[in-house]
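This report describes a single protein model, going from local backbone geometry to sheets, open and enclosed spaces, and confidence. The sequence and structure come next.

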Amino acid sequence: MTRLSRTMRGWILGFIAVLVLSMFPVYKAQAAEVCAEPAWSSSAVYGGGNMVSHNGHAWKAKWWTEGEEPGTTGQWGVWEDLGACNPGTPPVDPPVDPPVDPPVDPPVDPPLPGDRMYVAYASSWNTSIYDLTTANIPNYITHLNLAFVRPDTTYTQGSYAFDQAVAGLEFVEGATTPNGQRTFTAQQSQDLRNNIASLRARGTKAFLSVGGWSYSQGSQWSRFNAKNIVDLALDLGAAGVDIDWESSGSSCNKGTAAQFSCTKDGEIAGIITSLYNEIQARNANLQISIAGWSTGAYYVKGTPFEEGKVQWGSPFGGTMYRVVKDHGSKINFINLMSYDGGIYYDPREGYESYKAIYNGPINMGMQIAPEGSGGAVLQLNAAPGTVYDADMMNGQNNIATSYYNVETMVNYMKNKGRANDGFMLWQLWKQRVHQPAPSGAANENSAGQYVCRNLPLPGDCNQTIPSLPKL
């Protein structure tokens with residue numbers, strides 16, 4: 001070979017090397033955009049937690065959606081951008097099988113200071129799904145609890161069987177009637193999910209409230225099915241599950257803190273633990289709240305809430321103590337049923353008894369009169385001369401009526417509560433099934449607007465809950 005030939009050969013080899021190197025970043029970029037998640041389809045229906053790939057990014061659905069393109073719904077829309085795809089990310093849709101030993105009892109992420117909630121229960125038995133709109137529900141309501149779901153629901157994901165026979169919800173569209181069981185049409189199912197999605201986009205999160213008094217008096221809780229509950233919550237686009245365990249068959253030993261126990265501690269602990277583990281195993285992004293009985297943390301010997309040191313006794317005192325103390329880190333917040341106690345019950349004591357054993361947010365409950373039991377009437381304002389932050393009365397049978405008003409509770413929460421404690425309302429549109437609150441008593445609007453303005457809450461405190469006609 002001549003010298004010119006060797007030079008030409010070197011030039012050609014060098015040119016090839018430069019060409020390959022110049023193409024390497026292109027290949028690298030293309031490899032980084034290979035997604036493990038299935039491609040988004042405009043015709044597919046996605047539930048909360050489902051993941052897709054689109055335009056080189058992975059996306060996670062926050063709630064039910066169909067036809068909404070990832071990347072076009074904005075920060076508060078249905079699709080959460082998980083970033084550019086990683087070719088090593090394993091598919092997570094459908095959900096992975098639960099691990100053999102799921103993580104147990106991690107700490108609850110603390111809310112930001114001042115992140116107060118206002119939770120309102122929407123009883124499905126006096127409600128249409130078309131009542132659940134942003135026009136009917138003020139924006140200062142942060143959480144809407146849909147009551148009640150069967151603990152033993154047979155719901156399966158993708159069925160959209162939201163009627164009473166399956167889910168337990170008693171919306172007029174799916175209620176059990178003397179003429180048979182109504183079932184949701186496909187359009188009604190979609191409309192309910194759309195209403196929940198609209199509320200959530202506005203800032204009001206829907207929770208499924210499981211149990212309640214009617215679904216707690218039989219054997220339903222012994223057949224609690226965490227998987228079916230999570231399936232139902234995801235299909236509806238809910239943000240969490242509220243456990244309203246109102247078992248009346250539990251009795252407590254009223255011992256010291258270390259020895260205190262109740263006969264049904266195992267049942268409620270198993271409910272919370274199985275639900276928590278199901279959510280964690282499926283990465284379902286659902287929160288857990290509980291409805292705390294008014295005296296549920298009472299009667300622990302050697303504490304300020306021992307029998308004889310509190311305002312009002314109850315055969316169910318202490319029923320929530322062990323689950324809150326031992327499993328509180330699995331619970332995101334407590335809705336305290338601080339009512340139905342009668343003239344001797346002071347809601348502030350109920351709040352303090354839970355606060356002593358639980359570090360998360362507590363929402364003090366208000367029930368619009370008439371109450372289910374006890375006969376107390378929630379007033380809006382305190383009587384002249386009421387001292388808001390004085391020590392609470394101790395001992396039995398001290399009448400606490402003067403402290404049972406929205407003004408006292410809000411002032412107490414502001415001055416002696418924690419920065420992320422809030423309030424809960426039982427219930428929306430109560431006048432549909434009961435007589436209106438007595439003259440001078442608090443109602444849904446006056447109570448909520450007072451809390452909004454004085455706690456305060458974010459949102460428009462002038463918005464009102466309309467008085468909807470009877471169904």
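The place of phenylalanine 148 is in strand β7, which covers residues 143-149. This residue is joined to alanine 147 by a cis peptide bond, for which omega is about -5°. The coordinates discussed here belong to a predicted model, and the backbone values are to be read with that in mind.

Two further places in the backbone deserve a note. The peptide bond that leads from leucine 455 to proline 456 is cis, with omega near -5°, and proline 456 is found in the segment after α8, the helix of residues 444-454. Lysine 254, a residue other than glycine, has a positive phi, near 55°; its place is the loop between β11 (240-244) and α4 (265-282). The table sets these backbone features side by side.

| Site | Backbone feature | Value |
|---|---|---|
| Alanine 147 to phenylalanine 148 | cis peptide bond | omega about -5° |
| Leucine 455 to proline 456 | cis peptide bond | omega near -5° |
| Lysine 254 | positive phi | phi near 55° |

**Sheets**

Strand β7, which holds phenylalanine 148, is also part of a closed barrel of 8 strands, whose order is β6-β7-β10-β11-β12-β13-β14-β15 and whose pairing is parallel. From one strand of this barrel to the next, the twist averages 25°. Within the barrel, β13 (residues 333-336) and β14 (residues 362-367) are paired in the parallel sense over 3 bridges, and isoleucine 334 has isoleucine 362, in β14, as its bridge partner.

The model also contains an open sheet of 3 strands, in which the order is β2-β3-β5 and the pairing is antiparallel. Its edges are formed by β2 (51-54) and β5 (79-84), each of which pairs on one side only, and the twist from one strand to the next averages 30°. Strand β3, made up of residues 57-61, pairs with β5 in the antiparallel sense over 4 bridges, and histidine 57 stands opposite alanine 84 of β5. In general, the strands of a sheet pair through backbone hydrogen bonds, and they may do so in a parallel or an antiparallel manner.

**Pocket and cavity**

Which residues lie nearest the centre of the second largest pocket? They are Trp213, Glu246, Met337, Tyr339 and Asp340, out of a lining of 31 residues. The space in this pocket comes to about 820 Å³, and its lining divides into 14 nonpolar, 11 polar and 6 charged residues.

A search of the whole structure also finds 2 cavities of 30 Å³ or more, and the second largest cavity has a volume of about 50 Å³. Its lining is made up of Tyr339, Asp340, Gly341, Gly342, Tyr345, Glu371, Ala376, Thr401 and Tyr404, which by class amount to 4 nonpolar, 3 polar and 2 charged residues. Tyr339 and Asp340 thus appear both in the lining of this cavity and among the residues nearest the centre of the second largest pocket.

**Confidence**

The protein has a mean pLDDT of 85, and 85% of its residues reach 70 or more. Over residues 1-33, however, the pLDDT is below 50, and this stretch has 8 contacts in the model beyond near neighbours in sequence. The pLDDT is likewise below 50 over residues 88-113, a stretch with 36 contacts beyond near neighbours in sequence. Where pLDDT is low, predicted coordinates should not be read in detail.

Definitions and conventions:
Residues numbered from 1 in each chain as written. Predicted model: local features only at pLDDT ≥ 70, side-chain atom pairs only at ≥ 80, totals over all residues. Heavy atoms only, no water. Pairing = 2+ DSSP bridges. Helix = DSSP H or I, 4+ residues; strand = E, 2+ residues; numbered from the N terminus. Axes fitted to C-alpha atoms, helices over the stretch in contact; angles between N-to-C directions. 1 Å grid on protein atoms, 1.4 Å probe; cavity = no way out; pocket = protein on both sides within 12 Å on 5 of 7 lines; lining within 4 Å. Points joined across faces, edges and corners; volume = space filled by probe spheres on them. Nonpolar A, V, L, I, M, F, W, Y, C, P; charged D, E, K, R; others polar. pLDDT = per-residue confidence, 0-100. Contact = heavy atoms within 4.5 Å.
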